[in-house]
Amino acid sequence: MSVLLAQDGKSFWNIGIPAGADRVLQFAAGELARYLHLISGASFEIVRQKENTPGTIFLAAEAQNDSENDQYKIHIGKRRICIQGNVSRAALYGVYDLLESLGCTSVSYTHLRAHETRGNL
């Protein structure tokens, strides 16, 4: 499924996190906003909300504690995207996976490189 996130420097989406999001989930939202901006030139607002609403890339974690097995799912719908991890760290991995599918490349385990297109995303 193809979803238009931004066009001509204007975002059609925001990034949602739960009201009680921990620091890892907040960091994941910041990373997603930062790299989407670098790719598209559009600003993606981070908002706190209870659930995934239309026009939102929603980040969520089932638990906020450590787990031996990090797992995440990325659900892409017509007007909703959800990156769901079993823990916050897994949701962060899902963010990086989504960014890589949009053209960011891993330079190291701590850095991504965004290929600036400043066009449609």
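Which residue takes a positive phi just after α1? In the predicted model described here, that residue is Gly-41, with a phi of about 80°. The following paragraphs place this residue in the context of the overall fold, the helix that precedes it and the loop between β4 and β5.

The protein contains two helices and nine strands. Along the sequence, these elements are arranged in the pattern β-β-β-α-β-β-β-β-α-β-β. The chain comprises 121 residues, of which 41% count as buried. Among contacts in the protein with a separation of 6 or more, 63% are accounted for by residues 24 or more positions apart. No cross-link between cysteines was found, as the structure holds zero disulfides. Two of the cysteines are nevertheless buried: Cys-82 has a relative accessibility of 13%, and Cys-104 has a relative accessibility of 2%. Both values fall under the 20% cut-off for burial.

Helix α1 covers residues 23–40. With 18 residues at 1.5 Å a residue, α1 should span 26 Å, and the separation of its end C-alpha atoms, 26 Å, agrees with this expectation. At the start of the helix, a side-chain oxygen of Asp-22 comes to within 3.3 Å of the backbone nitrogen of Val-24. At the other end lies Ser-40, the last residue in the range of α1. Ser-40 is buried, its relative accessible area being 1%, and its side chain reaches the backbone oxygen of Leu-36 at 2.7 Å. Gly-41, with its positive phi, follows just after the helix.

The buried residues of α1 are Leu-25, Ala-28, Ala-29, Glu-31, Leu-32, Ala-33, Tyr-35, Leu-36, Ile-39 and Ser-40. In general, an α-helix has 3.6 residues a turn, so residues three or four places apart point the same way.

The second helix, α2, spans residues 88–101, and its axis comes within 8 Å of that of α1, the two crossing at roughly 10°. The helices are therefore roughly parallel, since an angle under 35 degrees is classed in this way. On the α1 side, the contact is made by Val-24, Leu-25, Phe-27, Ala-28, Glu-31, Leu-32, Tyr-35 and Leu-36. The residues contributed by α2 are Ser-88, Arg-89, Ala-91, Leu-92, Val-95, Tyr-96, Leu-98 and Leu-99. Leu-25, Ala-28, Glu-31, Leu-32, Tyr-35 and Leu-36 of α1 are listed both as buried and as part of this contact.

The loop between β4 (46–48) and β5 (56–63) includes Gly-55 and Gln-49. Gln-49 is buried, with a relative accessible area of 15%. A polar atom of the Gln-49 side chain lies 2.8 Å from the backbone oxygen of Glu-51. Beyond its neighbours within four places in sequence, Gln-49 is in contact with Asn-14, Gly-16, Ile-17, Pro-18, Ala-19, Thr-56 and Phe-58.

Gly-55 is likewise buried, at a relative accessible area of 5%. Its contacts, again leaving aside neighbours within four places in sequence, are with Phe-12, Trp-13, Asn-14 and Arg-79. Asn-14 thus appears among the contacts of Gln-49 and among those of Gly-55. Although Asn-14 and Gly-55 are 41 residues apart along the chain, their C-alpha atoms are separated by 6.5 Å.

Key. Residues numbered from 1 in each chain as written. Predicted model: local features only at pLDDT ≥ 70, side-chain atom pairs only at ≥ 80, totals over all residues. Heavy atoms only, no water. Helix = DSSP H or I, 4+ residues; strand = E, 2+ residues; numbered from the N terminus. Buried < 20%, exposed > 50% of the residue type's maximum accessible area, 1.4 Å probe, protein only. Contact = heavy atoms within 4.5 Å. Disulfide = S-S within 2.5 Å. Polar contact = N/O pair within 3.5 Å; in protein donor to acceptor, adjacent residues only side chain to side chain. Expected span 1.5 Å × (residues − 1). Axes fitted to C-alpha atoms, helices over the stretch in contact; angles between N-to-C directions. Parallel < 35°, antiparallel > 145°, perpendicular 65-115°, else oblique.
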